[in-house]
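Work through the exercises below with the model at hand. Each task is followed by a solution in steps.

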Amino acid sequence: MQHIAFLLYPGFQIMSLAAVSVFEFTNLELGRKAYDITHISEAGGVLRTSLGMPIETEPFGDPAFDTLIVVGAPDLVLPKPGESAFMRAALGASRRIASICTGAFYLAEAGILDGRRATTHWCLAREMKARYPKIRVEEDRIFIIDGSVWTSAGMTAGIDLALAMVEKDHGIEVARAVARMLVVYHRRAGGQSQFSALLELEPKSDRIQKALDFARKNLKAQLSVEELAEAAHLSPRQFSRAFRSETGQSPAKAVEILRLEAARLMMEQSRHPIDVVADETGFADRERMRRAFLRAFGQPPQAIRRNAQQQYQS
């Protein structure tokens, strides 16, 4: 039986504990108690979540677990000295140590991520890069495994991370069965950019939304301002002004974001040649698509495909 401890602290976000269900349903799928779950904190006792819900915890003790998982919070929270010391001890004593969402800052502050690849919620990735230059932050990943240290993006990405742990421990078929029971993807396609970039394009009016819907369905077209304005039933001048006001982007930049989203998904989920992906998503040629990938992701399309293939093999 593997002992998994969730490290909690005052004000943590309850969604971080969604990962517990993955281990619970693995026990059900296997018909035995493969995982034993404990909630711990420095002093033990009752802690309150960010919404005030009380959770009972056990005090720190022996740092040797199979897995120690540090939860996240809605706001950036850094560990106290005792928590940092405990996590460093757990790194040496446990098989693996992990974080969910902003819990990565707990690991970073303790020095556990120095020299490693790591991720966190997309809205705080640049903050992590600035605070901890020794960490190779990859802000578009759902989760990252670097040796015995695992980090994941937002709160729900903790489910992806936990499923990957189950796959590592008990095989792909068990992980798939648990994902089916939880009604979640076994392997979620795409990175965080599909959420962060597109959320920034959320328009306020139906007219601008119609233009974006038109663009998504016609990526192979030129998608000029005139075409998009016609879809929105506005003059080109009115459309350009309204579009920038509602989305914060120019129409051309928004179209590139949509093309990048589609091209990235094709690179990760299909075996289509790069020329085909570039043509299907409106980039016209592979070099233009490569430059767009480098601007947006810091990596060429080939690297995106390779990372997607290796993510679950590491």
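**Exercise 1. Classify the two ends of a salt bridge in a helix by accessibility, then describe the pair.**

Step 1. Lys 253 has 36% relative accessibility and counts as partly exposed, where buried means under 20% relative accessible area, exposed over 50%, and partly exposed in between (1.4 Å probe, protein chains only). The model is predicted: local features need pLDDT of at least 70, side-chain atom pairs count only at pLDDT 80 or more, and totals for chains, interfaces and linings use all residues. Residues are numbered from 1 along each chain as its sequence is written, and side-chain values use heavy atoms, with hydrogens and water left out.

Step 2. Glu 256, at 18% relative accessibility, counts as buried.

Step 3. Lys 253 and Glu 256 form a salt bridge whose closest N and O atoms are 3.5 Å apart; the criterion is a side-chain nitrogen of Lys or Arg within 4 Å of a carboxyl oxygen of Asp or Glu.

Step 4. Both residues lie in helix H11, 3 residues apart, about one turn of the helix. Helices (H or I, at least four residues) and strands (E, at least two) are DSSP runs, numbered from the N terminus.

Step 5. Leaving out residues up to four places away in sequence, Glu 256 touches Phe 283, Ala 292 and Arg 295, a contact being heavy atoms within 4.5 Å.

**Exercise 2. Describe two salt bridges that link separate parts of the chain.**

Step 1. The count of salt bridges comes to 19. Side chains of opposite charge can pair when their charged atoms come close.

Step 2. One of them joins Asp 66 and Arg 96, with closest N and O atoms 3.8 Å apart. Asp 66 sits in the loop between strand E4 (54-59) and strand E5 (67-70), and Arg 96 in strand E6 (residues 96-99), so this pair links distant parts of the chain, 30 residues apart.

Step 3. Asp 66 is buried at 14% relative accessibility, and Arg 96 is buried at 3%.

Step 4. Asp 279 forms a salt bridge with Lys 220, with closest N and O atoms 3.6 Å apart. Because Asp 279 lies in helix H12 (residues 274-280) and Lys 220 in the loop between H8 and helix H9 (225-232), the pair ties together parts 59 residues apart in sequence.

Step 5. Asp 279 is partly exposed, with a relative accessible area of 38%, while Lys 220 is exposed at 51%.

**Exercise 3. Characterise the largest cavity and its lining.**

Step 1. The search gives 1 cavity of 30 Å³ or more. On a 1 Å grid over the protein atoms alone, a cavity is a set of points where a 1.4 Å probe fits but cannot get out, and lining residues have an atom within 4 Å of a point.

Step 2. The largest cavity holds about 30 Å³ of space.

Step 3. Its lining includes Ala 211, Leu 228, Phe 239, Phe 243 and Pro 251. Helix H8 (206-217), helix H10 (236-247) and helix H11 (251-269) each supply at least two lining residues.

Step 4. By class, the lining has 9 nonpolar, no polar and no charged residues.

**Exercise 4. Summarise the chain as a whole.**

Step 1. The protein chain has 14 helices and 10 strands.

Step 2. The C-alpha trace spans about 65 × 40 × 35 Å along its principal axes.

Step 3. Buried residues make up 51% of the 314 residues.

Step 4. Among contacts between residues at least 6 apart in sequence, 63% join residues at least 24 apart.

Key
On a 1 Å grid over the protein atoms alone, a cavity is a set of points where a 1.4 Å probe fits but cannot get out, and a pocket is an open set with protein on both sides within 12 Å along at least five of seven lines; lining residues have an atom within 4 Å of a point. Grid points are joined across faces, edges and corners, and a volume is the space filled by probe spheres set on the points. Ala, Val, Leu, Ile, Met, Phe, Trp, Tyr, Cys and Pro count as nonpolar, Asp, Glu, Lys and Arg as charged, and the others, Gly among them, as polar.
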